[in-house]
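Thank you all for coming; today I would like to walk slowly through a few side chains, taking the aromatic rings to begin with and then turning to the cysteines. Please have a look at the picture before I go on.

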Amino acid sequence: MATEVTTVERRAGLHAAMADAGRLRVIDSLALGDASPSELGDALGMSSNLLAHHIKVLQRTGLVDRSRSEGDGRRSYLRLVPEVLDLLTVPAARAASRVLFVCTANSARSQLAAALWRLASEVPVASAGTHPADAVARGALESARRRGLDLPDTSPRHVAGVRAEGDLVVTVCDRAHEELDLPVDVHWSVPDPARTADRAAFDAALSELDRRVGNLAPRVSLPANPAR
């Protein structure tokens, strides 16, 4: 936990250092290549005193480094430290051997989420429901077809028979989240399109799930030593 707090505080410091238009202009300029302070000041139209202040802040946070010229030793060059910028990326939520999407009927939202996940991540995926329906909703199949998404027309399954050790459990409806009697890692409050069976409702649910899958997928990885 101490490491996590330190990382969060480090990221907060970086965001604070970048919360100035002038410093962002310095970062943007150095992202293209190194520059001496005078070159940077001329390129940005910034006074030497103001530039010196910004550089001091960026150096203090480790975003910018300075080195002496190998030619004219009186000259120095500023460079962006890209590995420090990498710290701004939100860390992985956790390692998981599989992601399990759960909704009530396992007929629409969890099925669509699993289909989207297969396109976004190498981490295996499954779906299930707390009260499985008899079949996948026709509206879900049609919405997937309109988006060119491969959604197998498989029989919905109960979560008790699907969940396995190491699953990252994601509930995609409020009802399943509130009645599930097992730990839930992530919850997405996505409205049930089957309540109206309206085409627009299924398309809206698919778009929302697509956005959320795209946000979560980069933050979940396979275990370093997956069980054989």
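There are 2 aromatic pairs in this structure, which, I should say early, is a predicted model. A pair of aromatic rings is described by the distance of the centres and the angle of the planes. In one of them, Phe 101 meets Trp 117 in an edge-to-face arrangement, with 6.0 Å from centre to centre and 65° between the planes. Because Phe 101 sits in strand β4 (residues 98-103) while Trp 117 belongs to helix α6 (residues 109-120), this pair ties together parts that are 16 residues apart in sequence.

Phe 101 also pairs with Trp 188, and here the rings are tilted, their centres being 5.6 Å apart and their planes at 40°. That contact links distant parts of the chain, since Trp 188 lies in the loop between β7 (186-187) and α9 (199-216), 87 residues from Phe 101 in strand β4. Taken together, Phe 101, Trp 117 and Trp 188 form one aromatic cluster.

Are these rings buried or exposed? Phe 101 and Trp 117 are both buried, with Phe 101 at a relative accessible area of 0%, and Trp 188 counts as buried too, at 5%.

Now to the cysteines: how many disulfides does the structure hold? The number is 0, and for Cys 103 the reason is distance, because its sulfur is 5.5 Å from the closest cysteine sulfur, that of Cys 173, which is too far for a bond, the cut-off being 2.5 Å. Cys 103 is buried at 2% relative accessibility, and Cys 173 is buried as well, with a relative accessible area of 1%.

Technical notes: Residues are numbered from 1 along each chain as its sequence is written. This is a predicted model: local features need pLDDT of at least 70, side-chain atom pairs count only at pLDDT 80 or more; totals for chains, interfaces and linings use all residues. Side-chain values use heavy atoms; hydrogens and water are left out. Buried means under 20% relative accessible area, exposed over 50%, partly exposed in between (1.4 Å probe, protein chains only). Rings of Phe, Tyr and Trp (its six-membered ring) pair if their centres lie within 6.5 Å; planes under 30 degrees apart count as stacked, over 60 as edge-to-face and the rest as tilted. Helices (H or I, at least four residues) and strands (E, at least two) are DSSP runs, numbered from the N terminus.
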